[in-house]
Amino acid sequence: MQFLVLSRCLDEAFQLAQKHQQMELYAEIIGKDARADDYQSIALHFENTGNHALAGKFFFYANQYDRAMRHFMQAPYSAEEDDGANESLNLAVETVAQARDDALIQILIDYLIGSSAKTSGAGSASAAAVPKDPRYLFRLYMALERHSEAARTAVIISREQQSAGNYRLAHDLLLGMMTELKGHDIKVPAELAASLLLLHSYMLGKIHARKGNHLMAARMLVRVAESISKFPTHVVPILTSTVIECHRSGLRDSSFSYAAMLLRPEYRSQVELKYSKKLEAIVRRPDRSQEEEPRTPCPVCDAPLPETALHCHACRSQLPFCIITGRHVLKDNFTACPKCNYPAIYAEFLLYLDTEKTCPMCSEALERADIARITDISPYMSGLVDSNQTAVSVVEGEDEVADV
């Protein structure tokens, strides 16, 4: 078959593939440089054998978008196995983006949100009625350059993954979607940026607790605890970790406040037995002493700010956070990850890489030699964040909270 394809004897190669039931191999050999008629022949073969996924794929290559969509929507689909990388659904997104046909766009949107059970040609009613992974809808809106809808969809995805307790997945999804939005010069919704900050602070709390940096862990967990309603699946474990880390690091007032919260009736029964007496002791013999948080200069106007403050009241700037410490960045000690370009405090990044091998934001492998000091921080101070965009909710899963 390879020889026949190289010789451009495609009809003979097709017949040989058909005779020996090797059509998938033939399709792989001809690649994406064949004629539309050749793709149509392959598509018709897979249509006759009931292989909807491959029939749709080759009708798409043959520029027959209606027929391609009918097959994509009849391809086997399992919500339990869908990780956002279903080839048929991704090709369906490419199909409607290329076709730019309003009717096909609406059919796909209905199918993705699970409201096309009665739509003609939508495949089985059970598959058509199931909402698909929202990432496909995000990709569709991005491909159609409907950026405001893409941004709203990203907000929905982040809310639902975070509410379901999929913190690592939610973090990585947010990072990917925000990177894509920024790559198209689209303003990132403020809710999206705030969600990434909270999720990353949660990750940093776990990392620094494991490394024995209890004060840094405590500061990050306090930030998370202040928005504990955004973590409904793991309220008690997160608050318990916050109390422990605050107590270890001398943040006694914060430790008391969250211990008292945990002893409320709605939470008390969920507290692990091994922590109950410790929490009771903290509340019964309260020590409200707590040193004031150290201050460092605002990177915009140099006004002194608590080091974890991310809003400067002097110049009204929203400040980027360091991906290593969660503190605001410092103008004279600035760097960024060379892989994801998120900012950090230079000295802290170097210190972090003495024991760790990957960026805590993007998880890409790094070495100390990869980190360079940056003197012009202005590109990082004018982030594309839109405070006016918001949205709504759908998704499931679970992620175990480490006992930090």
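**Exercise 1. Compare the expected span of helix H11 (residues 147–163) with the distance between its end C-alpha atoms.**

Start with the rule: the expected span is 1.5 Å times one less than the number of residues. Helix H11 has 17 residues, so it should span 24 Å. Next, look at the ends: the end C-alpha atoms of H11 are 24 Å apart, which agrees. Helices here are DSSP runs of H or I with at least four residues, strands are E runs of at least two, and both are numbered from the N terminus.

Before you go on, a word on the source: this is a predicted model, in which local features need pLDDT of at least 70 and side-chain atom pairs count only at pLDDT 80 or more, while totals for chains, interfaces and linings use all residues. Residues are numbered from 1 along each chain as its sequence is written, and side-chain values use heavy atoms, with hydrogens and water left out.

**Exercise 2. Find how many residues of H11 are buried, and what they pack against.**

First, the cut-offs: buried means under 20% relative accessible area, exposed means over 50%, and partly exposed lies in between (1.4 Å probe, protein chains only). By that test, 12 of the 17 residues of H11 are buried, leaving the helix mostly covered. Among them are Glu149, Thr153, Val155, Ile156, Ile157 and Gln162. Now look for their partners, where contact means heavy atoms within 4.5 Å. The buried residues of H11 pack against H10, H12, strand E1 (188–189) and helix H13 (190–211). Finally, step just past the helix: glycine 165 takes a positive phi of about 90 degrees.

**Exercise 3. Work out how H10 (residues 134–143) and H12 (residues 167–183) are oriented, and which residues join them.**

Begin with the axes, which are lines fitted to C-alpha atoms over the stretch in contact, with angles from 0 to 180 degrees between N-to-C directions. The two axes come within 12 Å and cross at roughly 5 degrees. Angles under 35 degrees count as roughly parallel, over 145 as roughly antiparallel, 65 to 115 as roughly perpendicular and the rest as oblique. H10 and H12 are therefore roughly parallel to each other. Then list the contact: H10 supplies Arg135, Phe138 and Met142, and H12 supplies Leu169, Leu173, Met177, Glu180 and Leu181.

**Exercise 4. Decide where the buried residues of H6 (residues 65–72) sit around the helix axis.**

List them to begin: Tyr65, Ala68, Met69, His71 and Phe72 are buried. They cover an arc of only 165 degrees (taken from the directions from the helix axis to the C-beta atoms), which puts them on the same side of H6. The background is helix geometry: an α-helix has 3.6 residues a turn, so residues three or four places apart point the same way. To finish, the buried residues of H6 pack against helix H4 (36–48), helix H5 (52–61), helix H7 (87–99) and helix H8 (102–113).

**Exercise 5. Place cysteine 359 and serine 363, and say whether each is buried or partly exposed.**

Cysteine 359 lies in the loop between H19 and H20, and serine 363 is in the loop between these helices too, H19 being 346–352 and H20 378–381. With a relative accessible area of 1%, cysteine 359 is buried; at 38%, serine 363 is partly exposed. For the surroundings of cysteine 359, leave out residues up to four places away in sequence: it touches Ile323, Cys337, Cys340, Glu364 and Leu366. Its C-alpha atom is 8.6 Å from that of cysteine 340, 19 residues apart along the chain. As for serine 363, its phi is positive, about 65 degrees, although it is not a glycine.
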